[in-house]
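User: Hi! I have a model open and would like to talk through its fold with you.

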Amino acid sequence: MEASAKTVSARNGSVNEDWTVVVPRRGRGRKRTNPLVQTREPLPQKPIPWSPTDFEVNSLRESKLMQKMELCMKKLETSQFFLTLLDQIESQEISNNLQKVLGSDSNMQMVIYGIGSIESYENPRLQLSLALLLKRKFTWIGGIEVFDPVLSSTESQVLEVLGCSVLSIDEQGRRKAQKPTMFFMPHCEAELYDNLLEENLRVGLLKNIVLFGNSFDNYEQYASQFKNSVVALSRHIFLVSKVTDEFKIKTVSDDYYGAFHDSSWHFFSPAVVLGSQSSTVDCISEI
């Protein structure tokens with residue numbers, strides 16, 4: 001997909017009967033989950049149209065959810081976790097990498113995949129709050145686009161009120177980063193990362209990506225525990241890790257462990273890759 005998909009109006013959604021919604025894991029506890037474990041059937045290879053499965057926005061639910069989001073953002077903004085993360089972003093290492101991605105552009109789009117149900121769970125609210133606070137803090141973050149197939153019409157409307165655009169296409173993570181783009185993907189399934197990396201690796205666009213998401217180092221540590229068929233779904237993660245600069249974040253306190261544990265910033269070396277998947281593998285192997 002060369003550019004961003006259209007956004008969907010939460011008040012005029014239609015039912016997509018072909019989509020089976022599977023709620024991703026959003027646990028509250030400290031249990032560490034293996035990032036290679038898939039939580040649903042393999043993703044389709046092509047983008048598909050999407051709209052919320054319910055028809056109407058519930059005004060009472062919308063009001064309550066807005067209150068929850070406001071409280072969540074207020075709590076996060078004054079937390080030591082957020083202040084520590086800001087210090088990391090403003091460090092020379094991160095700042096230099098961000099500037100390399102931006103180049104001559106003044107800002108970059110933020111794309112949030114797999115946010116989960118912000119109405120039902122605190123962790124997705126914390127993750128969304130972080131994205132919104134970062135946009136508020138840094139002028140180099142442009143518009144925010146959001147997608148998760150579990151989003152309701154009410155949640156979609158709240159996201160729009162908060163200044164986000166809800167995609168009307170399930171891109172399966174296959175967004176080509178033609179311009180500098182931040183992909184905000186804490187705790188997404190491995191296959192979603194793999195799709196994103198594959199789509200941009202084979203056309204030489206990794207240099208345009210800033211990725212906030214699961215630690216690639218941790219993927220490599222877990223890989224030896226699983227069969228080849230599982231690791232194969234994450235093959236581009238392992239290929240790209242060779243040209244990745246990763247900076248792990250600190251969760252600082254238990255309050256934010258569930259939402260952000262094992263998360264990192266990822267930046268990619270500017271490798272130009274053309275042709276088939278086989279040539280992609282050969283090129284990365286030579287780097």
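User: What is the strand order in the open sheet, and is the pairing mixed or not mixed?
Analyst: The order is E4-E3-E2-E6-E7-E9-E8, seven strands with mixed pairing. Strands here are DSSP runs of at least two residues (E) and helices are runs of at least four (H or I), numbered from the N terminus; two strands pair if DSSP finds at least two bridges between them.

User: Which are the edge strands?
Analyst: Strand E4 (164–166) and strand E8 (244–248), each of which pairs on one side only. The twist averages 20 degrees from one strand to the next, with axes fitted to C-alpha atoms and angles running from 0 to 180 degrees between N-to-C directions.

User: Before I go on, what should I know about the source?
Analyst: This is a predicted model, where local features need pLDDT of at least 70 and side-chain atom pairs count only at 80 or more, while totals for chains, interfaces and linings use all residues. Residues are numbered from 1 along each chain as its sequence is written, and side-chain values use heavy atoms, leaving out hydrogens and water.

User: Thanks! How many bridges join E2 to E3?
Analyst: Five, between E2 (residues 108–113) and E3 (residues 141–147), which run parallel. Met110 has Ile144 in E3 as its bridge partner.

User: And which strands does helix H4 lie across?
Analyst: Helix H4 (residues 122–137) lies across E2, E3, E4, E6 (181–185), E7 (209–214) and E9 (263–268), running at about 160 degrees to E3.

User: Switching topic, what share of the chain is buried?
Analyst: Buried residues, meaning under 20% relative accessible area with a 1.4 Å probe and protein chains only, make up 54% of the 287 residues.

Technical notes. Buried < 20%, exposed > 50% of the residue type's maximum accessible area, 1.4 Å probe, protein only. Contact = heavy atoms within 4.5 Å.
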